[in-house]
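The following paragraphs lead through a protein model, from its overall composition to selected local features. Please keep the sequence and the structure in view while reading.

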Amino acid sequence: MVLLFIVSAFLVVFYLTNGFSLRESMLSKRGEKFLFWGACLICTCIVYCFSYYPASIMEYVSLHHEHAYYNSIYNVMHGIPYSDEVTSIYGHYAILLAPILNLARIFGATDVFHIFTMCMSLLVALSYLLACYAIYSLVTNRYIRYIGLIALLLVPAALKASPYYQIYPHRTIIIALFIALMVFHARNAAKRKWVEILGFIFCALSVVWNTELGICAIAAWAGYLTYIALLRRRQGVGKCCERIFLYVLGGLGSFAGAYLITNLYNVAAGGNVLEIMDFIFPLLSKTYDIENMLSIGLDYGASYWIGRIILFYTFIGFALVRLFSHKNNLGKADYKCAVYLGITVISMGAFSYFINRATYPNQTISYMGVILLLCVLAQQYFASMKRFLCNRNKEYACRKDSLNETGHSKKKERRFESFSGAKAAIGLSALVLVFAIAVVTVMGMGNNYTKNLTLLRDKKSVDLIAEEVAAKVPVGTKAMGYGIPEIYSMIGRDTQLYTMDFSDMSATEQTGIYASQQLAALREEPLLTTARSLERLEQDWPEAVKEFRETHILANEFGINEMLAKNDIKAGFCETLQYYVPLYE
């Protein structure tokens, strides 16, 4: 890693000191735009391919996270309302996703699970494309643009080795959407009023999608608009306060709209109106003890996450300086500063996910904002870098010659040189860091695909499992457990048992009790489950599992690894599917 940074620093300095002879682009402005977006589309296709996991049930960690995410969608697809017994710890995103999958079923699709994985991949790709739009709009230096374009591939193409929908795209799509929306608002003066209204509509949908980050999106969008209103304060304090009041009202209205949408679904599905604490679950929940579920503590020394916090607070400082020093009418620089503040707010809000769930990979939740801000820093002080490193810029030389030889002038000269050196150091550090991230990305993509993703892309293997279940388990058999909704979605069957996902069965006491009651009620009916699912229920509700075993007998058992071994396929997962029938059938 140290060697990588040294090489990156050398290449950056080499360029800045006229190491590259081509300074001006040989393309027209239109040609530059065409080239950039052509590269974006290619990279977006790469992101889609790296994010498509049709065989995600084939590996333990992947199944654990994927089941936790998909189970809620499966329940809403079958019209199950949210309640204490059947809830979701990631928000009510299923209300927005389930209609798409149900529409696919209406048009004759039977393998709904793979359509779901395609939708997730498309959302990851869309997140990347929106971030590219932000880079194109905020960064004018073409070299930094392309370095940033590659650096943005870091997480979806180089680091992410298995599906973790809870962040990608569940939370990153909200971050990317609002960053792009703020950039579009800043660039299009004629459409700003409509964009503001559209932003609050997206805020409402974001709260439905994911409660905690939806609230962060409201804070970022309202904060972005409020900052612009404060910059316009010289147009009249009353007008400024009126705008801020409307933005606050819009934020509250967005939250109320999300609450209304969720309860409209719940009532239509035959459930009750959710109380506000149930709606924002697991925020402020006494039953969901996330602290005891994590084993990695925060490092308060020199660490990546501390560096990110410093970067975020740096841009907050820039925004405050401009706010209190601004005197003239608003220009492009002011709107860009507002965008930087908005990126910082939503990235910091998202980063609280890592602080509350301190596992190392969760730091990547804010990677889009970090790369964008680093690119902005690199460009902001690009001229200072060239001036300081080359030391032959004419403007700089003239300014030095114009200084008198008085002590005051010498002090002013030293102050100027120190200030230029500090700006050059900041810009150089940001550019070297982004370049190093881009190099790591390119190096990691091939390794990630060949070593980590081969199994998860093997659609043939997971299709064999689905065919085996369809052949050995009678139609109409009830089912529950890890991976069961996913397998049934592949063969177009209904589990008829709708529980909380088994990955988060301990989220509330009621969820496990409800699942164990459904298990105990199957006295004269067969069941398809998995060995690990029964073990999970047996940990906290042994009586229900004991009663089930007393009334049922294991009629068929087939392990995934054994099934695939017959077809010379190696699996990384050792789950065992179990088919039980009543003892006296």
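The protein comprises 24 helices and 4 strands; both are DSSP runs numbered from the N terminus, helices being H or I with at least four residues and strands E with at least two. The model is predicted, so that local features need pLDDT of at least 70 and side-chain atom pairs count only at pLDDT 80 or more, while totals for chains, interfaces and linings use all residues. Residues are numbered from 1 along each chain as its sequence is written, and side-chain values use heavy atoms, with hydrogens and water left out.

Of the 585 residues, 53% count as buried, a term for under 20% relative accessible area, with exposed meaning over 50% and partly exposed in between (1.4 Å probe, protein chains only). The accessible surface amounts to about 27000 Å², and 63% of that area belongs to carbon and sulfur atoms; areas come from the Shrake-Rupley method with a 1.4 Å probe, and for residues only the protein chains shown count as cover. Among contacts (heavy atoms within 4.5 Å) between residues at least 6 apart in sequence, 78% join residues at least 24 apart.

Strand β2 (residues 527–530) pairs with two others, where pairing requires that DSSP finds at least two bridges between the strands. Strand β1 (residues 478–479) runs parallel to β2 and is joined to it by 2 bridges, with Ala479 opposite Leu528. Strand β4 (residues 576–582) runs antiparallel to β2, with 4 bridges between them, and here Leu528 stands opposite Tyr579. Within β2, Leu527 and Thr529 point one way and Leu528 and Thr530 the other, yet all are buried.

Is Lys160, in the loop between α7 (154–159) and α8 (172–187), buried or exposed? Lys160 counts as buried because its relative accessible area is 7%. Its side chain makes a polar contact with the side chain of Tyr53 at 3.2 Å; such a contact is a pair of N or O atoms within 3.5 Å, and within protein one must be able to donate a hydrogen and the other to accept it, residues adjacent in sequence counting only if both atoms are side-chain atoms.

On the surface, Leu96, Trp194, Ile197, Leu198, Ile201, Leu205 and Ile261 make a nonpolar patch of about 630 Å². Patch residues have over 30% relative accessible area and no salt bridge; like charges are joined within 9 Å and nonpolar side chains (Val, Leu, Ile, Met, Phe, Trp, Tyr) within 5 Å. A salt bridge places a side-chain nitrogen of Lys or Arg within 4 Å of a carboxyl oxygen of Asp or Glu. Helix α9 (residues 192–209) gives the most to this patch, with 5 residues. Ile261 belongs to helix α11 (residues 237–268) and counts as partly exposed because its relative accessibility is 32%.
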